[in-house]
Amino acid sequence: MSSAEERGKLLSGTEVAANLRNLLRSEVGKLREELPGFKPGLAIVQVGGREDSNIYIRMKIKAAQEIGIEATHLKLPRTITEAELLMKLKKLNGDPSVHGIIVQMPLDSDNPIDSHLITDSVSPDKDVDGLNTINE
């Protein structure tokens with residue numbers, strides 16, 4: 001094995017992300033051609049208002065827009081209860097205009113909420129982050 005083969009290839013995360021976005025943009029474009037009127041929808045659910053979460057959400061929305069996905073940010077109050085959050089997720093699971101759901105972690109709630117229960121309540125078919133037990 002030569003010394004060049006022994007060394008790994010240095011990857012650029014920025015380059016990999018750009019290539020992935022280009023591929024996804026192309027795939028979304030093809031879907032829209034095949035299904036006129038189709039608009040892939042993403043719901044990003046946030047409980048509370050942690051600034052670090054806000055930064056990640058802005059990045060996710062920008063990335064979604066770049067590839068042709070309509071992203072909606074559902075900012076829920078810190079006072080939301082577990083039952084209320086479960087009902088919101090049930091509604092999103094049943095909404096045919098929502099094709100993907102992200103629950104931004106950590107949950108910033110004044111009330112006790114079981115984050116595992118929340119991630120498992122997202123339909124496996126719409127679970128963008130793959131956090132549902134079925135998708136792990």
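Let's start in the middle of this predicted model, at strand β3, which is covered on both faces. Gly100 and Ile102 are buried on one side, and Ile101 and Val103 are buried on the other. As background, side chains in a regular strand alternate between the two faces of the sheet.

Now step back to see the sheet that β3 belongs to. It is an open sheet of 3 strands in the order β2-β1-β3, and the pairing is parallel. The edge strands, β2 (70-76) and β3 (100-103), each pair on one side only. On average, neighbouring strands of this sheet are turned by 20 degrees against each other, with direction ignored.

The two pairings are worth following in turn. Strand β1 (residues 41-47) pairs with β2 in the parallel sense over 7 bridges; here Val45 has Leu74 of β2 as its bridge partner. Towards the other edge, β1 and β3 run parallel and are joined by 4 bridges, and Ala43 stands opposite Ile101 in β3.

Which residues touch the most other members of the largest nonpolar core? They are Val45, Leu85, Leu89, Ile101 and Val103, in a core of 15 residues. At least two residues of this core come from each of β1, α4 (82-94) and β3. Val45 makes a good viewpoint for looking around: leaving out residues up to four places away in sequence, Val45 touches Leu74, Leu76, Leu85, Leu89, Leu92, Ile101, Ile102, Val103 and Gln104. Two of the residues we met on β3, Ile101 and Val103, are on the same side of that strand and both belong to this core. A second, separate core has 6 residues, including Ile57, Ile61, Ala64 and Ile102. Ile102 is on the β3 side that also holds Gly100.

Next, turn to the helices. Helix α3 lies across β1, β2 and β3, and runs at about 175 degrees to β1. Helix α3 (residues 51-67) also packs with helix α2 (residues 13-34), at an angle of about 50 degrees and with the axes 8 Å apart. That angle is why α2 counts as oblique to α3. On the α2 side, the contact is made by Arg21, Leu24, Arg25 and Val28, while α3 brings Ala63, Glu66 and Ile67. Sorted by class, this contact of α2 with α3 has 4 nonpolar and 3 charged residues, and no polar ones.

Terms used:
Residues numbered from 1 in each chain as written. Predicted model: local features only at pLDDT ≥ 70, side-chain atom pairs only at ≥ 80, totals over all residues. Heavy atoms only, no water. Axes fitted to C-alpha atoms, helices over the stretch in contact; angles between N-to-C directions. Parallel < 35°, antiparallel > 145°, perpendicular 65-115°, else oblique. Contact = heavy atoms within 4.5 Å. Nonpolar A, V, L, I, M, F, W, Y, C, P; charged D, E, K, R; others polar. Pairing = 2+ DSSP bridges. Core = buried A, V, L, I, M, F, W, Y, C linked by side-chain atoms within 4.5 Å. Buried < 20%, exposed > 50% of the residue type's maximum accessible area, 1.4 Å probe, protein only.
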